[in-house]
Amino acid sequence: MQKQVSTPQYNPKTPDIELKNALEQATKEQKDSILNFAQDYTVRRGINFTNVRKERTNNTKPVRLWDIENFAASYAYTQYNHRDFINQSSIQNTYRGSLQYSYSKEARSYAPFEKIIKSNMLAILRDFNFSILPSAINFRVDVDRLYSENTLRNNDPNNSIPIFQSGYGTTFNKNFRMSRIYGIAWNLTKSLQLDFNATNYSIIDEPDGRIDGLKRDTVWENLKRLGRTTDYNHNLNVTYALPINKIPGLNWVTVLTKYGTNFNWQTEPLSTLRDPNINLGNTVQNSRNIQVNPTLNLTTLYNKFGFIRNATNDQEGGGAKKLFINLLTSIKNVNVNYVQTKGIFLPGYLPKTSYLGIDNVTGAPGLGFAFGSQRDIRDMALNNGWLTTDTLQTQMYVNTLREDFQLTSQLEPIRDLRITLRANRAQTRNFSTNFRYLATTSSFENLSAITTGDYSISYIAINTAFKENNASNVTTLYNRFISNRLIISQRLGAQNPNSSGSANGFADGYGKESQDVIISAFLAAYSGKDAGSSKINSFPRIPLPNWSLTYSGLTKVAFIADRFSSVDLRHGYRSAYNINGYNSLLRYQENDGFVSSRDANNNFLPQFQFAQVTVSEYFSPLIGVDTRLKNNVTATFELNRSRLLGLSLSNSQLAQLSENNVVLGLGYRTNKFRFPFGWFKSLKMDNNMDFKLDVAIRDNKTVIYRTVLDDNNADVAQTEVSSGAKNITLRPSVDYVLNQKFNIKLFYDSNITKPYTSQTFNTSFSNFGFSLRFTLN
């Protein structure tokens, strides 16, 4: 308890009279009245019990569901009372309480056939097991109440405000919340685990004004009903290791799967909930996550064959035979990761939530939706009257999709040559529509339906990687891109029965500005494929593998082994095709399965309109060499090359960013450094000293390609260098450890830049100096 009283020197009502003089002339009742409004009076009280529970004293005793040690309780109460000349009474009370139940025990697993079946051929039955009890159960109820009231004094006798004249000058602030948290973890079998968590937030509504009499009974009744739910959320995750490896001959295959779902229900705002003329409804949404991870350990498969196993163990076998076996068994493992996430958001939802997000009265939205079903729920909701007909409801109905596919494989065709293959595909797609009731038609309609998304897939464009040097003139590849449009147009026109005739060699509906024509022509040209036979698809489905390889077998050559501790050769290639934002078109229509709607240029509309497509390509590195000599000298060499092609569909403009760079690094470490030429003979530097020299040459250029019409309405290609520069950096340094706490470094940094455009100047700068580092232990 804390009490604080502050008495002023002067009477607040008559500031020119000291308070002690006013008290001397007053009776006892008057003194009490004067001190009541003159003093600044504050009292704070509180009590707190946190995590009150019975400790488990006998650890050898088995843990049971009904043990009292599983329960814990907390309670906190604070009271604040205040009065002063302005506030006649200010009261604030807070109540916090919680009750928690927590059970955790490693569940016993039962295998009924373990002692009956001994054969490995029936391992899938022999290893069947189950657990009858969950491994963890959690439950917690939290109650948090804030009650405050504030009454202002009527210090002006001429005050005509009715609330003061009638004695109701009191304001109230009340907030009564309850949260319920549930959780269960259950290893149904050793390979099947279930995890469920749910959270329910609710409000205990209180009548207006001071809580007394029948109002107190109303609060208690609302508390017994656990309040009015405002937000309910649950998550379910099920992981399962498929028993494929238990099948005879398939112990080299493992498949891990996961099913996860989320459900959320939220009430409408209280302001509209209490308005009888507005019924916006609640919102309900779910999401479903499916994950599959198969792994193929092919080394285990190869060892099942005797001739392969013997050849692997035979260190002195014939070279040709061993080479054949290595090539045959070059793929060591394959890993696949596939993740799909879908979701639905439905506004204007009328039913409440009782258990697991389901309404007791209507059964809405059903167990399927509550646990991740992605079936379109709108028809069911309409047929059962679950949606509001209030025309003020304008929130969007949304469907979301995200897919990620990744494949990784390790290869070793010959000893010390390791190759990693990677392929991936990712996409996001969101459908939204204003699904609402229209009073004019007395029905629900989809308004402003639109689909948006992104797309990315691993790609191969190596066929054209070295066919141009990104000069400032028009390249052969760009001219091929322009000429490919005619071929692609004719192929698309032949496929679409709604296209008839041609103009200037282009099929009807597939002119040179058509998005479908431009993208297919662009991909055919820059992937080095024939436009007459390449696939016409803006969304390629099969990801192409990229690679990285390392070879460390050169030290087996005697000449190299005598001079080098290690020599590693590296090479890597990575490419991707990306659609950076697309959206559906409301005017898109099909006839007999083919597009029939056209744009202002009489071209067929694409199903999805693209903002930009890009093809990126990185040789990182094209050639890389890492060496370490016997005398502790290290040398690194890298030749890197990259290309980024960005095709803008708004103006058919192509931007190409190309970069070439060479990196050379030298290093040397010694702990016996001595100055040459007999200098400083008496100075012995026996701690670690590192010498480093890094040299980098970088050349990058961005070229814009565009096509314009000449006086004869013929296409003419133009180029423009928009940015880029040549850059050379030189960074030598010496790092010496004086002792465990001090380190000194000498460095020099030189940088020279020569731009390709006149927008910037040639620059050159150099930095040199030393740094002293002191380490505190």
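Which side chain meets Arg 140 in a salt bridge? That would be Asp 142, with 2.9 Å between N and O. What you're looking at is a predicted model, and this briefing walks through its charged pairs, its rings and its core. A quick taste of the totals: there are 25 salt bridges in the structure, and a search of the whole thing turns up 30 aromatic pairs.

**Salt bridges**

- Let's stay with the opening pair for a moment: Arg 140, the partner of Asp 142, is partly exposed, at 30% relative accessible area.
- Another bridge joins Arg 228 to Asp 205, and their closest N and O atoms are 2.9 Å apart.
- Arg 228 belongs to strand S8 (residues 228-242), while Asp 205 is in the loop between S7 and helix H5 (214-224), so this bridge ties together parts that are 23 residues apart in sequence.
- Arg 228 is partly exposed, with a relative accessible area of 21%.
- Asp 205 counts as partly exposed too, at 22% relative accessibility.
- Now look at Arg 643 and Glu 617, whose side chains meet in a salt bridge at 2.9 Å, N to O.
- This one ties strand S23, home of Arg 643, to strand S22, home of Glu 617, across 26 residues of sequence.
- Are these two buried or exposed? Arg 643 is buried, at 6% relative accessibility, and Glu 617 is buried as well, at 3%.
- Salt bridges can also link up into a network, as they do for Arg 96, Asp 144 and Arg 177.

**Rings that pair up**

- Of the 30 aromatic pairs, one to find on screen is Phe 196 with Phe 371, a tilted pair with 6.4 Å from centre to centre and 45 degrees between the planes.
- That pair links distant parts of the chain, 175 residues apart: Phe 196 is in strand S7 (residues 192-203), and Phe 371 is in the loop between helix H10 (367-370) and helix H11 (378-383).
- Phe 196 has a relative accessible area of 13%, so it counts as buried, since the cut-off is under 20%.
- Next up is a stacked pair, Tyr 478 and Tyr 705, at 5.1 Å centre to centre with 25 degrees between the planes.
- Here the link runs from helix H12 (residues 476-495), which holds Tyr 478, to strand S25 (residues 689-709), which holds Tyr 705, and the two are 227 residues apart.
- Both ends are hidden away: Tyr 478 is buried at 1% relative accessible area, and Tyr 705 is buried at 0%.
- Rings can also gather into a cluster, and ring pairs do this for Tyr 455, Phe 539, Tyr 582, Phe 608 and Phe 610.

**Charges over rings**

- Lys 13 has its charged end over the ring of Phe 37, 4.5 Å from the ring's centre.
- Arg 83 does likewise with Tyr 41, its charged end sitting 4.3 Å from the centre of that ring.

**The nonpolar core**

- The largest nonpolar core has 41 residues, and the ones that touch the most other members are Phe 481, Phe 522, Tyr 526, Tyr 577, Phe 610 and Val 613.
- Several elements each supply at least two residues of this core, including strand S14 (443-458), H12, helix H13 (515-526) and strand S18 (564-584).
- Which element gives the most? It's H13, with nine residues.
- Tyr 577 is in contact with plenty of residues beyond its neighbours within four places in sequence, among them Tyr 455, Ile 519, Leu 523, Pro 540 and Val 613.

**A closer look at helix H13**

- Why can we say that H13 is largely enclosed by the rest of the structure? Because eleven of its twelve residues are buried.
- The buried ones include Gln 515, Val 517, Ser 520, Phe 522 and Tyr 526.
- Among the elements that cover the buried residues of H13 are H12, S18, S21, S22, S23 and strand S24 (653-670).
- The helix length checks out: at 1.5 Å a residue, twelve residues should span 16 Å, and the end C-alpha atoms of H13 are 17 Å apart, which agrees.
- After H13 comes Gly 528, which has a positive phi, near 75 degrees.

Conventions:
Residues numbered from 1 in each chain as written. Predicted model: local features only at pLDDT ≥ 70, side-chain atom pairs only at ≥ 80, totals over all residues. Heavy atoms only, no water. Phe/Tyr/Trp six-rings, centres within 6.5 Å; stacked < 30°, edge-to-face > 60°. Helix = DSSP H or I, 4+ residues; strand = E, 2+ residues; numbered from the N terminus. Buried < 20%, exposed > 50% of the residue type's maximum accessible area, 1.4 Å probe, protein only. Lys NZ or Arg CZ within 6 Å of the ring centre and 35° of its normal. Core = buried A, V, L, I, M, F, W, Y, C linked by side-chain atoms within 4.5 Å. Contact = heavy atoms within 4.5 Å. Expected span 1.5 Å × (residues − 1). Salt bridge = Lys/Arg side-chain N within 4 Å of Asp/Glu carboxyl O.
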